[in-house]
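Please follow this account with the sequence and the three-dimensional view side by side. It moves from paired charges to the surroundings of individual residues and then to a pocket.

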Amino acid sequence: MTDDHRTQYEEALRTRWHDALVAARGGADGPDPLPYADNLLTRWAEPQRKYHTTAHLAAVLDRIDTLAGHAADADAVRLAAWFHDAVYRPDRSENEERSAVLAERALPEAGVPDAVTGEVARLVRLTVTHDPATGDTNGEVLCDADLAILAAPPKEYGEYAAQVREEYGFVPDEAFREGRAAVLRQLLGLPQLFRTPYGMREWEPKARQNLLTELELLTH
């Protein structure tokens with residue numbers, strides 16, 4: 001990506017943050033949204049990230065736009081997408097909790113009402129399990145948007161799997177294969193990967209095929 005394209009890409013993301021934050025304020029005044037966007041974009045560009053990058057953030061936001069009609073509060077879901085991997089260290093287990101705490105600290109300062117802030121933090125914590133309760137339409141949209149990479153075309157899915165491996169480069173090959181295979185089996189054992197009608201219809205079959213293919217490559 002050239003510097004000009006990168007600048008345009010980041011400007012588009014800043015605009016999306018601005019629009020979601022202003023909508024979440026419900027018309028109330030607040031500080032300039034853009035410094036908050038810049039802080040988050042810096043986090044999403046950290047060098048340890050290979051998959052969990054601004055490209056992943058943009059993809060999740062795109063998928064939320066696709067699913068927005070299913071959500072009770074699509075702007076809260078969009079803010080949750082910005083925060084859901086804002087803290088990301090592959091060697092740590094508390095990333096989602098730390099990301100949620102970051103949202104709880106930043107959003108009230110940015111003028112977001114407490115109820116919306118609480119919902120954003122709840123949604124971020126939900127990405128630990130990707131298991132929203134029945135009727136949790138905000139949770140269903142965020143989790144489906146986050147997992148939609150599993151339904152990517154085979155080449156793109158392969159790139160995703162390689163990027164995940166790169167993020168866990170500190171883990172020896174055999175241990176990684178065992179751990180990744182366990183994750184894939186756990187996903188395949190779920191009654192359904194996706195909860196929105198669109199996700200179930202458009203993404204579920206492709207995702208299961210990709211997971212089965214990766215599992216076979218890892219274990220044979």
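Glutamate 204 and arginine 208 lie four residues apart in helix 11, so about one helical turn separates them. In this predicted model, the two residues form a salt bridge in which the closest N and O atoms are 2.9 Å apart. Both glutamate 204 and arginine 208 are buried.

A comparable arrangement can be followed in helix 1, which spans residues 3–25. Here glutamate 11 and arginine 14 are three residues apart, and the separation is again about one helical turn. Their side chains meet in a salt bridge, with an N to O distance of 2.8 Å. The two partners fall into separate classes of accessibility: glutamate 11 is partly exposed, at a relative accessible area of 40%, whereas arginine 14, at 16%, is buried. The cut-off that applies to arginine 14 is 20%, because a residue counts as buried when its relative accessible area is under that value.

Other charged pairs join separate helices. The side chains of arginine 180 and glutamate 214 meet in a salt bridge of 2.8 Å, N to O. Arginine 180 belongs to helix 9 (residues 173–188) and glutamate 214 to helix 11 (residues 204–219), so this pair ties together parts that are 34 residues apart in sequence. Arginine 180 counts as buried, with 10% relative accessibility, and glutamate 214 is likewise buried, at 9%.

What else does the side chain of glutamate 214 contact? It makes a polar contact with the side chain of tyrosine 157, at 2.5 Å. When neighbours within four places in sequence are set aside, glutamate 214 is in contact with Tyr157, Ala161, Arg180 and Leu184. Glutamate 214 thus has both a salt-bridge partner in arginine 180 and a polar partner in tyrosine 157.

Beyond these pairs, Arg16, Asp62, Asp65, Asp75 and Arg78 are linked in a network of salt bridges. In total, the structure holds 18 salt bridges.

Attention may now turn to helix 6, which comprises residues 114–126. Its 13 residues reach 18 Å from the first C-alpha to the last, close to the 18 Å expected at 1.5 Å a residue. The buried residues of this helix are Val116, Thr117, Glu119, Val120, Ala121, Leu123, Val124 and Leu126. Threonine 117 offers an example within helix 6: its relative accessible area is 5%, and it is buried. Leaving out residues up to four places away in sequence, threonine 117 touches Ala103, Glu104, Leu107, Pro108 and Val112.

The final topic is the largest pocket, which holds about 940 Å³ of space. It is lined by 32 residues, of which His52, Glu96, His130, Tyr168 and Val183 are the closest to its centre. The elements that contribute two or more residues to this lining are helix 5 (95–109), helix 7 (137–147), helix 8 (154–167) and helix 9. Which of the elements gives the largest share of the lining? That share comes from helix 9, with seven residues. Helix 9 is also where arginine 180 lies, the residue that pairs with glutamate 214 of helix 11.

Note on methods: Residues are numbered from 1 along each chain as its sequence is written. This is a predicted model: local features need pLDDT of at least 70, side-chain atom pairs count only at pLDDT 80 or more; totals for chains, interfaces and linings use all residues. Side-chain values use heavy atoms; hydrogens and water are left out. The expected span of a helix is 1.5 Å times one less than its number of residues. Buried means under 20% relative accessible area, exposed over 50%, partly exposed in between (1.4 Å probe, protein chains only). A salt bridge is a side-chain nitrogen of Lys or Arg within 4 Å of a carboxyl oxygen of Asp or Glu. A polar contact is a pair of N or O atoms within 3.5 Å; within protein, one must be able to donate a hydrogen and the other to accept it, and residues adjacent in sequence count only if both atoms are side-chain atoms. Contact means heavy atoms within 4.5 Å. On a 1 Å grid over the protein atoms alone, a cavity is a set of points where a 1.4 Å probe fits but cannot get out, and a pocket is an open set with protein on both sides within 12 Å along at least five of seven lines; lining residues have an atom within 4 Å of a point. Grid points are joined across faces, edges and corners, and a volume is the space filled by probe spheres set on the points.
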